[in-house]
Structures are given as C-alpha cells and as structure tokens.
Amino acid sequence: MKTIGILGGMSAASTQIYYRLLCQLTQEHLGGLHSPELLIRSLDFDRIEKLQAADHWWEAGEILNREALALERGGADFIILATNTMHKLSGQMMNGLSIPFIHIAEATAHSITEAGLVAPGLMATAFTMEQDFYTGKLVEAGLTPIIPEEADRQNTHRIIYEELCKGITAKDSEAEYIAIAERLVNRGADCLILGCTEVGMLISEANVSVPVFDTTQIHCAAALQYALETKM
C-alpha cells in the first residue's frame, strides 16, 4: 500500500471528512484490521483565508509548496490536496516534487463522463466557480459546467466560509443550497458537483433531483485506488 500524503486544514472540517472516508473505504476494500497509510499536514486555515481575501495567492502557494515538500520528505508516495479551491495553486505547490499529484477536478470530471453526463452544475467557493483553474479541467474533459447566477454564487460562498468551514450546518442554509441546486437544474444541469469539500454537509442525492458528484468522496476513492496499485 502506498502512503497517501494529505495536505489539509483548508478547512479542518473537510480534512476530518477525508480521514474518515479514507478509513471507511480502506476497510470496505480490504476488511480485517486494515486502515490507510497516511501522512497528514493540516494548516491553520485562518492564515490561508486571509491570504485568499487579500489576493496574496503567490504567498499561499509558497506555503503549500513548502508543506508538500515536507510530506514528500516524510515518506508520502503521492499527494492529495484536501480542498477544491486551493487547487488553484496546485502547479506552484508541486514545484520541485518528484511524487505524483491526484487532481480533484480531473478525478471528478472522469466520474461524470463515465456516468454519461455532460452538464454539471457547480456549487463551490466563488474562487472555484468564477476562475478557470477548476472549470477549465471540466471543459478539457468535454463537459459544459453551469455555475450559479451572481447572487447565488455569493450565498454559496458565504455559507461555506461563515458556517460549513466552522462545522455549522443550519436548516435555513440547507434550504438555500437546495434552492440554488434546483435553479441550476432548471438552467440545464444534468448533475451537480459539490465543488467545495464542505458542500456535502448540506447537499446529497437525497435532497436534489439530479445525480450528485461529491468531490471529496471521488477524490478519496481515486487516492485509495492509486494507493492500492502496489502489493501490500
């Protein structure tokens, strides 16, 4: 089993989900007392969020690169970044590393095309919805992403940072997310990408009318598949 290097803490809530899912998936695949081989570096999200808000992305990228290099030195066989938004800096993060990186948007696009769907609605942070570092990966895979209208993008982003990243799940916010998802469906979305690792705290196939692609679940499954490609 390869050792998975997880760069997380952005937010801590999503990294907890990654750890739980990877343990669950490993147990389902291997049984017995098996659990995944992991190295986790969890950052202080307050520092990262301030750099995002100040548009100091290069400085944030240098932090990610330093921590990714530390994971490689620590024995990680490959890297996953436990956040969608910070994939904006994945190229900078992997500078100087010799181990592979599994990109969350590429894994998600593969799952959607395998399902025969083509027009995913995207709910994520404003950075992820409005910039092409993420939607570009979807377009490269032949998909036509649909993003919410401006007011819905603002509400989606606000709920992520003010509530979900703090572990808060409110009924009013769940209702708002469901309404945003249905507006995307009405505009032609044939599925929904939970494009922030916390969005699955409010949205699932149980409360929307189209197939849901939870990027955290997809990313964890892709990471475990890669980790198990070598003999135990």
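This report describes helix 2 and its surroundings, the nonpolar cores and a selection of salt bridges in a predicted model.

## Helix 2 and its buried face

Helix 2 covers residues 45-53. Its buried residues are Phe45, Ile48, Leu51 and Gln52. Viewed down the axis of helix 2, these buried residues fit within an arc of 125 degrees, so they line one face of the helix. They pack against helix 3, helix 6 (126-130) and helix 8.

Helix 2 also carries a salt bridge of its own. Asp46 and Lys50 lie four residues apart in this helix, about one turn, and their side chains meet with an N to O distance of 2.7 Å. Asp46 has a relative accessible area of 44%, so Asp46 counts as partly exposed. Lys50 is likewise partly exposed, at 48%.

## Contact between helix 2 and helix 3

Helix 3 spans residues 57-74, and its axis comes within 8 Å of the axis of helix 2, crossing at roughly 150 degrees. From helix 2, the contact is made by Arg47, Ile48, Leu51 and Gln52; from helix 3, by Trp57, Glu59, Ala60, Ile63 and Arg66. Sorted by class, the residues in this contact are five nonpolar, one polar and three charged.

Ile48, Leu51 and Gln52 thus appear in the contact with helix 3 and also among the buried residues of helix 2.

## Nonpolar cores

In soluble globular proteins, nonpolar side chains tend to be buried together. The largest nonpolar core in this model has 44 residues, and those touching the most other members are Met10, Leu64, Met86, Tyr177 and Leu192. Two or more residues of this core come from each of helix 2, helix 3, strand 3 (78-81), helix 8 (150-162), helix 9 and strand 5 (191-194). Helix 3 gives the largest share, six residues. Another core, of 34 residues, lies apart from this one; Ile80, Ala82, Ala124 and Ala223 are among its members.

Met86 shows what surrounds one member of the largest core. Leaving aside residues up to four places away in sequence, Met86 touches Met10, Ile48, Gln52, Trp57, Ala60, Leu64 and Leu81. Of these neighbours, Ile48 and Gln52 belong to the helix 2 side of the contact described above, and Trp57 and Ala60 to the helix 3 side.

## Salt bridges elsewhere

Side chains of opposite charge can pair when their charged atoms come close. The structure holds ten salt bridges, including the Asp46 and Lys50 pair in helix 2. Another joins Glu106 and Lys137, with the closest N and O atoms 2.9 Å apart. Glu106 is in helix 5 (residues 104-114) and Lys137 in helix 7 (residues 132-140), so this pair ties together parts 31 residues apart in sequence. Both residues count as partly exposed, Glu106 at 42% relative accessibility and Lys137 at 24%.

Helix 9 (residues 171-186) holds a pair within one element: Lys171 and Glu174 are three residues apart, about one helical turn. Their side chains form a salt bridge with an N to O distance of 3.7 Å. Lys171 is exposed, with 67% relative accessibility, whereas Glu174 is partly exposed at 21%. Asp152, Glu176 and Arg183 are linked in a network of salt bridges.

Terms used
Residues are numbered from 1 along each chain as its sequence is written. This is a predicted model: local features need pLDDT of at least 70, side-chain atom pairs count only at pLDDT 80 or more; totals for chains, interfaces and linings use all residues. Side-chain values use heavy atoms; hydrogens and water are left out. A salt bridge is a side-chain nitrogen of Lys or Arg within 4 Å of a carboxyl oxygen of Asp or Glu. Buried means under 20% relative accessible area, exposed over 50%, partly exposed in between (1.4 Å probe, protein chains only). Axes are lines fitted to C-alpha atoms, for helices over the stretch in contact, and angles run from 0 to 180 degrees between N-to-C directions. Contact means heavy atoms within 4.5 Å. Ala, Val, Leu, Ile, Met, Phe, Trp, Tyr, Cys and Pro count as nonpolar, Asp, Glu, Lys and Arg as charged, and the others, Gly among them, as polar. A nonpolar core is a set of buried Ala, Val, Leu, Ile, Met, Phe, Trp, Tyr and Cys residues joined through side-chain atoms within 4.5 Å. The arc is that of the directions from the helix axis to the C-beta atoms.
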